[in-house]
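User: Could you pick one part of this protein and go through it closely with me? I'd like a connected story that I can follow on the screen, without too much jargon.

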Amino acid sequence: MSNYKNKTNETFNVVIDDVAIIGAGFGGLGVAIRMQQQGLNDFVIYERASDVGGVWRDNVYPGAACDVPSHLYSFSFEPNPDWGRAFGPQEEIHRYLQHCADKYKLRDKIRFNSSLSDMAFCETSGVWNLNFDDGSQRQARAVVMAIGALNIPQYPEVSGIDDFTGKVMHTAEWDKNYSLDGKRVGVIGTGASAIQVVPSIQAKVKSLSLFQRTPPWVMPKSDQSLSPARQRLYRRWPILQRAVRNFQYIMMESVLPAFIWDSFLTRIGESIGRRYLRKVVRDPILREKLSPKYSMGCKRVLLSDDYYPALTRGNVNVCVEGIDKIDETAIHTSDGQRHEVDAIVFATGFKVPVSGAPIPIRGVGGRLLEKDWAIGSEAYKGVVVSGYPNMLYVMGPNTGPGNTSVIFYIESQITYILKYLKALRKNQNTYFDLKPMVQREFNADIQERFKGTTWMSGCNSWYLTKDGKNTTLWPGFSWQYHFTTKHFSAAEYEFVSVKGGAEEFGNSVATAS
Ligand code: NAP
């Protein structure tokens with residue numbers, strides 16, 4: 001405990017933890033489990049909701065599922081032989097994360113309903129001051145930001161949007177109590193979320209108007225249920241499941257060259273995509289509407305077995321004219337059409353460029369992360385940010401996979417975070433601040449590697465800032481990223497001594513109470 005003064009100079013007793021982990025999704029739980037396994041028990045997880053799961057708790061729209069094979073979309077240290085489908089549906093993945101929290105006895109270490117409102121680094125004591133929405137404060141020597149990269153829903157700026165009197169839902173803020181059955185529904189957007197929700201509601205709604213701005217590349221998913229016999233086999237012979245996972249990893253990694261460089265491999269991928277579209281959509285007018293006009297891979301390639309078939313049904317209208325405005329009961333398009341709807345589903349994605357710093361984060365000298373990242377977020381190995389000592393990101397800038405499982409990247413970050421925390425534990429009364437030059441050189445190299453890639457070939461994607469800088473993806477193979485996170489080099493950091501004051505860190509077991 002230490003005394004802490006808030007803005008109005010009232011004094012509180014503040015609990016100081018060694019490590020505060022923000023978020024109990026894949027990232028936060030993964031860091032916590034691996035910390036425990038390595039004997040680092042002085043941590044608390046702060047979770048804004050009342051359950052674990054992150055995006056897999058929140059995205060409950062019909063059809064929500066993963067487009068990465070289940071065996072690969074799970075922790076390497078916690079294989080799940082019981083996956084029921086080749087590609088995990090939302091409830092199964094959420095259950096898997098609940099299982100992880102229970103098996104590793106993490107619930108007592110999680111302070112639920114704790115939404116971090118801001119945090120600031122104190123150079124005198126070398127700790128972070130954390131303020132929560134409920135007025136409570138905590139301090140921590142290191143903060144792991146496992147807040148996820150895609151969690152702030154993006155609503156488009158359309159005039160009249162507030163005048164609409166029907167139901168409005170974003171895919172990431174789905175109202176399960178509202179039934180779309182028999183309704184006239186407008187779905188805006190044709191990204192990864194839209195291609196899942198559209199086929200799941202198409203047969204139930206009266207009519208479905210799909211407002212498409214850019215036709216995506218869609219490939220068959222080949223999803224299937226996994227039989228109880230196969231689950232038994234994996235339970236009995238875990239090595240088989242490991243082999244399947246490794247095979248899936250190699251397959252997903254091997255498609256990267258087709259996405260990353262605009263080459264003959266891209267053309268092969270595009271011809272497979274076009275053939276699939278021709279096979280499913282026989283109507284040439286609809287097919288032309290759905291034909292992508294950019295190089296495959298520039299935006300996320302989507303996998304679905306039921307999206308194109310759903311669009312061929314009689315109650316679906318694909319509108320490709322831009323949206324002009326919305327009135328009380330309809331969506332107006334630029335061709336003068338008025339599309340009457342009872343409900344609008346925004347499948348319009350997330351606020352990505354600011355997602356790294358959704359709250360005020362003040363580092364050394366009071367610098368503000370939001371300002372430092374105003375023209376694009378930047379970190380070292382996607383984990384550490386110069387000027388923000390002992391703050392460690394999971395899924396920070398330039399760590400998104402264009403082709404494979406995000407969990408592989410998360411585990412690589414955990415490797416680095418553990419090395420960092422162990423070094424910090426060895427150096428009591430010290431904080432580490434990354435040398436600015438190290439971050440600059442790392443990012444200059446990343447941006448150089450993006451030159452000439454398909455991602456930079458001119459399409460408008462959430463991978464890029466509005467100035468066209470790619471701050472989201474890793475520009476290479478995931479194993480290359482893995483190797484960058486294997487070593488922690490003390491020479492890359494300033495070791496700054498502080499007076500101390502906090503009790504020795506790392507020698508106690510923190511609790512969430
Ligand atoms: P998204 O990929 O950003 O797609 C948003 C869609 O909304 C795009 O089609 C976009 O059109 C459209 N849009 C935005 N503003 C519009 C406007 N004013 N008028 C018309 N259309 C508009 O969002 P998302 O589908 O939610 O997916 C986001 C990310 O979440 C994915 O890339 C993926 O990383 C993750 N995700 C993953 C899974 C999975 O299976 N693992 C599932 C869902 C989501 P433009 O293309 O023209 O911009």
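Analyst: Let's start at Gln154, which sits in the loop between β7 (137–145) and β8 (167–170). Keep in mind that this is a predicted model. Is Gln154 buried, partly exposed or exposed? It counts as partly exposed, because its relative accessibility is 29%, and the partly exposed class runs between 20% and 50%. Now find Ala491, which is 337 residues away from Gln154 along the chain. The C-alpha atoms of Gln154 and Ala491 are separated by 40 Å.

That gives you a feel for distances, so on to the layout. The chain is divided into domain 1 (14–52 + 106–152 + 352–434 + 482–497) and domain 2 (161–216 + 255–346). Their C-alpha centres lie 36 Å apart.

Now for the part I'd like to dwell on: the second largest pocket, with a volume of about 840 Å³. It is lined by 29 residues, and if you want to centre your view, pick Met251, Met252, Val255, Phe259 and Leu303, the closest of them to the pocket centre. Three elements give two or more residues each to this lining: α6 (238–254), α7 (256–260) and α8 (264–280). Which of them gives the most? That is α6, with six residues. In terms of chemistry, the lining of the second largest pocket splits into 19 nonpolar, seven polar and three charged residues. Both domains take part as well: domain 1 and domain 2 each supply at least three residues to this lining.

Since α6 is the top contributor, it deserves a closer look. How far apart are the end C-alpha atoms of α6? They are 24 Å apart, which agrees with the 24 Å you'd expect for 17 residues at 1.5 Å a residue. Now colour α6 by accessibility. Gln241, Arg245, Gln248, Tyr249, Met252 and Glu253 are buried in this helix. They cover an arc of only 130 degrees around the axis, so they sit on the same side of α6. Turn α6 around, and the face pointing away from that buried side carries the exposed residues Ile239, Phe247 and Ile250. Met252 turns up twice here: it is one of the buried residues of α6 and also one of the residues closest to the centre of the second largest pocket.

For contrast, look at some enclosed space. There are four cavities of 30 Å³ or more. The second largest cavity holds about 40 Å³ of space, and its lining is Asp18, Val19, Met35, Leu40, Arg141, Leu421, Leu424 and Arg425. β2 (11–22) and α12 (406–426) are the elements that give two or more residues to this lining, and α12 has the largest share, with three. By class, the cavity lining has five nonpolar, no polar and three charged residues.

If you follow α12 onward, you come to Asn427, in the loop between α12 and β20 (430–434). Asn427 counts as partly exposed because its relative accessibility is 26%. Its C-alpha atom is separated from that of Val345 by 52 Å, with the two positions 82 residues apart along the chain. Another loop residue to click on is Asp342, between β16 (338–340) and β17 (343–346). Asp342 is also partly exposed, with a relative accessible area of 25%. From Asp342 to Tyr307 you go 35 residues in sequence and 22 Å in space, C-alpha to C-alpha.

Last stop: two backbone oddities. Most residues other than glycine have a negative phi. Lys105 has a positive phi of about 50 degrees although it is not a glycine. You'll find Lys105 in the loop between α3 (90–103) and β4 (110–111). Asn390 has a positive phi too, near 60 degrees, and it lies in the loop between α11 (369–372) and β19 (391–393). Which of the classes, buried or exposed, does each belong to? Lys105 is exposed, with a relative accessible area of 63%, whereas Asn390 is buried, at 0%.

Technical notes: Residues numbered from 1 in each chain as written. Predicted model: local features only at pLDDT ≥ 70, side-chain atom pairs only at ≥ 80, totals over all residues. Heavy atoms only, no water. 1 Å grid on protein atoms, 1.4 Å probe; cavity = no way out; pocket = protein on both sides within 12 Å on 5 of 7 lines; lining within 4 Å. Points joined across faces, edges and corners; volume = space filled by probe spheres on them. Helix = DSSP H or I, 4+ residues; strand = E, 2+ residues; numbered from the N terminus. Nonpolar A, V, L, I, M, F, W, Y, C, P; charged D, E, K, R; others polar. Domains from an automatic or database assignment. Expected span 1.5 Å × (residues − 1). Buried < 20%, exposed > 50% of the residue type's maximum accessible area, 1.4 Å probe, protein only. Arc of directions from axis to C-beta.
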